[in-house]
Amino acid sequence: MLKFKFLLWTMTKLLQRAIKRDPACAKYVEGKELLFQIQTLDGIGRHFSIRHGKVNSTAGLTRSPKFTMTFKDAAKGFAILSAKDGKEAFLAALHDEYLVISGDFVEVMWFQGLTEYLQPEKLRR
C-alpha cells in the first residue's frame, strides 16, 4: 500500500517537473481545468487537480471528480502504473477488470496524453 501511495505522490512531482521543463507539456495543460482521482476499491487514493497550468494533488478522495481510475488493490495499482509497457498494462488491466474507469472518458484520454510527457522525449516520438 505504501508503494502505491508513494507512486501517486511521485506522479504529481513528475508531472510538475514535466510542465516546468517541457514547453510542449506546459502548452498541453494550458487552459485545462480537471479534477480526477486514482484509488483502490477499498478507498485508498489521491485526487489530482490541473488548473492554471499547474498540477497539484492531495491524499484522499474527492466527491466530484471528472473521472476515477479504481484499481482492484494497491499492489495491482502499483504494478500497472509502474509497468514499462504502460499502455499494454493499462489495457490488460481494463480487460482483466483489475482497473475500472468511471466518469468522462474524453478526460481519461486527455490524461493519457499528459502521461506521455513522463516518458523521455525520444520515446514519445
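Two strands are said to pair if DSSP finds at least two bridges between them. By this rule, strand 4 and strand 5 (residues 99–103) of the present model, which is a predicted one, pair in the antiparallel sense over five bridges. One of the matched positions is F67, whose bridge partner in strand 5 is G103.

This pairing belongs to a wider arrangement. Five strands form an open sheet in the order 3-2-1-4-5, and the pairing within this sheet is mixed. Its edges are strand 3 (54–59) and strand 5, each of which pairs on one side only. Neighbouring strands of the sheet are turned by 15° against each other on average, with direction ignored. Strand 1 (residues 34–40) and strand 2 (residues 45–51) run antiparallel and are joined by six bridges; here I38 has R46 in strand 2 as its bridge partner. Helix 3 packs on the sheet, where it touches strand 1 and strand 4, and its direction makes about 110° with that of strand 4. Helix 5 (residues 105–115) also packs on the sheet, touching strand 1, strand 2, strand 4 and strand 5, and its direction makes about 70° with that of strand 4. In contrast to the antiparallel pairing with strand 5, strand 4 runs parallel to strand 1, and five bridges join these two strands. Across this parallel pair, Q37 stands opposite T68 of strand 4.

Strand 4 deserves a closer look. Is this strand enclosed or open to its surroundings? Five of the five residues of strand 4 (residues 67–71) are buried, so the strand is largely enclosed by the rest of the structure. The side chains can be followed in two groups: F67, M69 and F71 point one way from the strand, while T68 and T70 point the other way, and all of them are buried. T70, placed in strand 4, offers a worked example. Its relative accessibility is 13%, and since buried means under 20%, T70 counts as buried. Leaving out residues up to four places away in sequence, T70 touches Q39, T40, L41, Y98, L99 and V100.

The nonpolar interior comes next. In soluble globular proteins, nonpolar side chains tend to be buried together. The largest nonpolar core of this model has 29 residues, and those touching the most other members are F36, I38, I50, M69, F111 and L114. Helix 1 (residues 2–21) supplies the largest share of this core, with six residues. What does L114 contact beyond its neighbours within four places in sequence? The contacts of L114 are L15, C25, Y28, V29 and I50.

Helix 1 also meets another helix. Its axis lies 8 Å from that of helix 3 (residues 74–81), and the two pack at an angle of about 40°. Helix 1 and helix 3 are therefore oblique to each other, and their crossing is left-handed. At the contact between them, K3, F4, L7 and L8 of helix 1 meet A74, G77, F78 and L81 of helix 3.

G77, found in helix 3, helps to place this contact within the fold. With a relative accessible area of 0%, G77 is buried. Apart from neighbours within four places in sequence, G77 is in contact with F4 and F71. G77 and L99 are 22 residues apart in sequence, yet their C-alpha atoms are 7.9 Å apart in space.

Two loop residues complete the picture. Most residues other than glycine have a negative phi. H52 is a residue other than glycine with a positive phi, near 55°. Where does H52 lie? H52 is found in the loop between strand 2 and strand 3, and at 63% relative accessibility it counts as exposed. E97 is likewise not a glycine and has a positive phi of about 60°. This residue lies in the loop between helix 4 (86–95) and strand 5. With a relative accessibility of 62%, E97 counts as exposed.

Note on methods:
Residues numbered from 1 in each chain as written. Predicted model: local features only at pLDDT ≥ 70, side-chain atom pairs only at ≥ 80, totals over all residues. Heavy atoms only, no water. Core = buried A, V, L, I, M, F, W, Y, C linked by side-chain atoms within 4.5 Å. Buried < 20%, exposed > 50% of the residue type's maximum accessible area, 1.4 Å probe, protein only. Helix = DSSP H or I, 4+ residues; strand = E, 2+ residues; numbered from the N terminus. Contact = heavy atoms within 4.5 Å. Axes fitted to C-alpha atoms, helices over the stretch in contact; angles between N-to-C directions. Parallel < 35°, antiparallel > 145°, perpendicular 65-115°, else oblique. Left-handed = near helix turned anticlockwise from the far one by under 90°.
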